[in-house]
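Work through the exercises below with the sequence and the structure open beside you. Try each task before reading its solution.

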Amino acid sequence: MSINYKEGSKKLYFLIGIGLVFSSLIFVTYEHSHALTIILFFVSVIAWLGVFFEVQAMKKKRIADLEVYAVNNNYNFSSKPKSEEITEFKNFKAMQKILETGYNSHTFFNLLTPIKTTNSRDIKNPKIVTSSTTISNGQGGSTTYYTQIFLFKLETEIPIFFLNGGHNSLFGNLFNRYTFKGIKDLIAVHIEKYNFPKNKYKLYASDSKIIKDFFTERFIELLNIGLKKKKKRLHIESDGKNIIFYVKYKRHTTEGIDFYINLSKALSESLNIKKSS
């Protein structure tokens, strides 16, 4: 089962390759044969037009797949959600800082909103949105990354925290000092019990004592199981009322969406959440 959505296709990569090769050949032949240069130019234009139309076709197929997923799983789907529909996602300050670092542009799209709710106190299906982060390369070009975010609404208040799954590099550690500097009352917390994977995850919270009790042995066990299976590390954040899960710069196939819903539910249910009466 493939859980991560492939941002490209063989056809797209082939067309890009053709476009690059023929664009380069134009500069080689320009001084030797104007006729050949014109032919290469038109072939290059056709290739880049092919790239454009293939990207549009992939976007349409992605939307069609999510529309089918929504129908089959009791969700409403919006490819271009209104501002008020994604307000809850904007409450997560660490996520906003990570996805909006520097001069990046950052937008939300492809929103899945669960339709049915029950009176059960179990964790319900999440609200799911995709974030796009466009990073300038400083040479007039840019690269866009996509992150799929799962938001669970909870029945009670919980500690405000951020569990950073991107903690393992020297650059990441230095970056963290500035990422969380502007988030009020969020401090680094060290957990020693239950074999917490402190070399892979970095924890920030508003209250160090409460968060240590909030993270149960089962929750930490699930984190370690994911590491042993070499799964992508999650970022997990609470705004005090809701909780989000995501893998930075990854979005998922419809099978992957189900995988991460189930994983996020298991992690949420393992936390020491006191149910309201």
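**Exercise 1.** Which residues form one aromatic cluster?

*Solution.* The model is a predicted one. In it, one aromatic cluster is made up of Phe161, Phe214, Phe215 and Phe219.

**Exercise 2.** Classify the aromatic pair of Phe41 and Phe42, then the pair of Phe152 and Phe245.

*Solution.* Start with the total: the structure holds 13 aromatic pairs. For Phe41 and Phe42, the ring centres are 5.6 Å apart and the planes stand at 70 degrees. Planes over 60 degrees apart count as edge-to-face, so the pair of Phe41 and Phe42 is edge-to-face. Phe41 has a relative accessible area of 44%, so this residue is partly exposed.

For Phe152 and Phe245, the centres are 5.8 Å apart and the planes are at 90 degrees, so this pair is edge-to-face. Next, locate the two residues: Phe152 belongs to strand S4 (residues 142-153) and Phe245 to strand S9 (residues 242-246). The pair therefore ties together parts that are 93 residues apart in sequence. Both Phe152 and Phe245 are buried.

**Exercise 3.** How do the axes of helix H6 and helix H7 cross, and which residues meet?

*Solution.* H6 covers residues 217-228 and H7 covers residues 254-270. Their axes come within 7 Å and cross at roughly 150 degrees. An angle over 145 degrees counts as roughly antiparallel, so H6 is roughly antiparallel to H7. On the H6 side, Arg218, Phe219, Leu222 and Leu223 take part; on the H7 side they meet Ala266, Leu267 and Ser270. Sorted by class, the contact of H6 with H7 has five nonpolar, one polar and one charged residues.

**Exercise 4.** Describe in the same steps how helix H2 packs with H7.

*Solution.* H2 (residues 34-72) and H7 have axes 10 Å apart, at an angle of about 50 degrees. That makes H2 oblique to H7. H2 contributes Asp65, Leu66 and Tyr69 to the contact, and H7 contributes Thr254, Ile257, Asp258 and Ile261. The classes in the contact of H2 with H7 are four nonpolar, one polar and two charged.

**Exercise 5.** Is Asn110 buried or exposed, and what is in contact with this residue?

*Solution.* Asn110 is placed in strand S2 (residues 105-114). Its relative accessibility is 5%, so Asn110 counts as buried. Leaving aside neighbours within four places in sequence, the contacts of Asn110 include Leu66, Phe77, Ile128 and Arg251. Follow Arg251 one step further: its charged end sits over the ring of Tyr146, 4.0 Å from the ring centre.

Definitions and conventions
Residues are numbered from 1 along each chain as its sequence is written. This is a predicted model: local features need pLDDT of at least 70, side-chain atom pairs count only at pLDDT 80 or more; totals for chains, interfaces and linings use all residues. Side-chain values use heavy atoms; hydrogens and water are left out. Axes are lines fitted to C-alpha atoms, for helices over the stretch in contact, and angles run from 0 to 180 degrees between N-to-C directions. Helices (H or I, at least four residues) and strands (E, at least two) are DSSP runs, numbered from the N terminus. Angles under 35 degrees count as roughly parallel, over 145 as roughly antiparallel, 65 to 115 as roughly perpendicular and the rest as oblique. Contact means heavy atoms within 4.5 Å. Ala, Val, Leu, Ile, Met, Phe, Trp, Tyr, Cys and Pro count as nonpolar, Asp, Glu, Lys and Arg as charged, and the others, Gly among them, as polar. Buried means under 20% relative accessible area, exposed over 50%, partly exposed in between (1.4 Å probe, protein chains only). Rings of Phe, Tyr and Trp (its six-membered ring) pair if their centres lie within 6.5 Å; planes under 30 degrees apart count as stacked, over 60 as edge-to-face and the rest as tilted. A charge sits over a ring if NZ of Lys or CZ of Arg is within 6 Å of the ring centre and within 35 degrees of the ring normal.
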